[in-house]
Amino acid sequence: METVGLGFCFEDLPIGRQFKTIGRTVTEPDIVNFINTIGMTEVLFTNLDFLKNEAGFKGRLAPGSLVYCLAEGLLANAGSSAAVAELLASLPSVATPVSRNGSEPKTVAIPAPVAAVAPVAVAAPPASAPAAAPSSAVASTAVADDEPLLLEAYIDSVRCTTCNECTNLNNKMFAYNADKQAYVKDVKAGTFQQLVIAAERCPVSIIHPGTPLNAKEKDLAKWVKRAEKFN
Ligand code: SF4
């Protein structure tokens with residue numbers, strides 16, 4: 001039986017996945033508690049008279065950092081409570097979370113700096129497609145500064161509407177999985193131009209052409225430019 005509340009695995013989060021949590025009202029106590037907790041007691045958050053008469057704001061302002069903290073809380077309430085704990089557990093170099101009673105400033109060792117994290121190209125998850133070669137889509141965590149970033153072409157298959165546009169264009173490059181949703185079957189079976197054209201024709205914009213494999217392809221600069229908005 002499925003256990004809920006453990007959050008998402010990496011495979012559950014293809015690029016472009018969106019979801020909505022329930023809403024939450026930002027209350028006066030939220031703001032007061034937050035700014036006092038972190039010491040953000042500047043006039044923008046403590047002086048309504050200043051806000052109204054000198055800064056020209058109506059009502060109360062909340063720090064942006066409060067907003068993203070609330071977003072994380074909403075996500076935890078939505079059933080991802082174990083996700084952060086699992087992430088921390090998987091990073092041996094994170095020393096310890098700062099505890100409530102810690103009076104000494106604690107150093108949380110951050111893992112070795114990631115020089116450049118390639119945009120995480122999650123491979124199209126062909127439900128029952130033939131096993132693919134190990135995907136380079138699982139980006140290496142560190143990329144040397146002088147190495148160009150290579151993005152693998154992929155499709156957010158779960159959002160495919162099975163319109164046949166891409167498969168009609170090149171059915172060796174694009175194919176359907178067992179759920180009748182398209183994925184990039186063989187990126188070498190066509191040209192970068194075809195990847196870009198497929199991306200442009202896809203009615204739900206889920207084809208990501210990545211970076212070209214063949215640096216000598218004709219008019220490559222033009223196709224790379226057209227691919228930009230899909231990557
Ligand atoms: S063009 Fe887009 S929606 Fe249509 S089959 Fe291909 S991936 Fe699916």
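This briefing covers the fold, confidence, ligand shell, core and selected residues of one chain. The structure is a predicted model. The chain holds eight helices and four strands, and buried residues account for 17% of its 231 residues. Its mean pLDDT is 77, with 69% of residues at 70 or more.

**Fold and contacts**

- Read from the N terminus, the elements follow the order α-α-α-α-α-β-α-β-β-α-β-α.
- Of the contacts between residues at least 6 apart in sequence, 59% join residues at least 24 apart.

**Confidence**

- Among the elements of the chain, helix α6 has the highest mean pLDDT, at 96, and helix α5 (residues 83-89) the lowest, at 62.
- Over residues 103-144 pLDDT stays under 50. The model nevertheless has 65 contacts beyond four places in sequence for this stretch.
- Where pLDDT is low, predicted coordinates should not be read in detail.

**Ligand shell**

- The shell around the ligand has 16 residues, and those that come nearest are Cys160, Cys163, Glu165, Cys166 and Cys202.
- Helix α6 (residues 165-169) provides the largest share of this shell, three residues.
- By class, the shell comprises 10 nonpolar, four polar and two charged residues.

**Nonpolar core**

- The largest nonpolar core contains 21 residues. Ile155, Ala182, Val184, Ala198, Ala199 and Ile207 have the most contacts inside it.
- Strands β1 (154-155), β2 (174-176) and β3 (182-184) each supply at least two residues of this core, as does helix α7 (192-201).
- The top contributor is α7, which gives six residues.
- In soluble globular proteins, nonpolar side chains tend to be buried together.
- Beyond its neighbours within four places in sequence, Ile207 is in contact with Ile155, Cys166, Ala198, Ala199, Cys202 and Phe230. Two of these contact partners, Cys166 and Cys202, are also listed among the residues that come nearest to the ligand.

**Helices α1 and α3**

- Helix α1 (residues 28-38) has one buried residue among its 11, so the helix lies largely in the open.
- Gly39 follows α1 and has a positive phi, near 80 degrees.
- Helix α3 (residues 48-55) is hardly covered, with zero buried residues among its eight.
- Just after α3 comes Gly56, with a positive phi of about 75 degrees.

**Helix α4**

- Cys69 lies in helix α4 (residues 64-80). Cys69 has 14 other C-beta atoms within 10 Å and is therefore partly exposed.
- The C-alpha atoms of Cys69 and Phe34 are 9.8 Å apart, with the two residues 35 apart in sequence.
- Ala78 is also found in helix α4. Ala78 counts as partly exposed because 14 C-beta neighbours lie inside 10 Å.
- Ala78 and Gly7 are 71 residues apart in sequence, while their C-alpha atoms are 8.5 Å apart in space.

**Strand β2**

- Ala175 sits in strand β2. With 18 other C-beta atoms within 10 Å, Ala175 is partly exposed, because a residue needs 20 or more to be buried.
- Leaving aside neighbours within four places in sequence, the contacts of Ala175 are Thr167, Ala182, Tyr183 and Lys185.
- Asp186 is 11 residues from Ala175 along the chain, and their C-alpha atoms are separated by 8.8 Å.

**Positive phi outside glycine**

- Most residues other than glycine have a negative phi.
- Lys180 has a positive phi, near 65 degrees. Lys180 is placed in the loop between β2 and β3.
- Lys180 counts as exposed, with 11 C-beta neighbours inside 10 Å, because the exposed class takes in residues with 12 or fewer.
- Ser205 likewise has a positive phi, near 50 degrees. Ser205 lies in the loop between α7 and β4 (207-208).
- Ser205 counts as partly exposed, with 14 C-beta neighbours inside 10 Å.

Definitions and conventions. Residues numbered from 1 in each chain as written. Contact = placed C-beta atoms within 7 Å. Near = placed C-beta within 6 Å. Nonpolar A, V, L, I, M, F, W, Y, C, P; charged D, E, K, R; others polar. Core = buried A, V, L, I, M, F, W, Y, C linked by C-beta atoms within 7 Å. pLDDT = per-residue confidence, 0-100.
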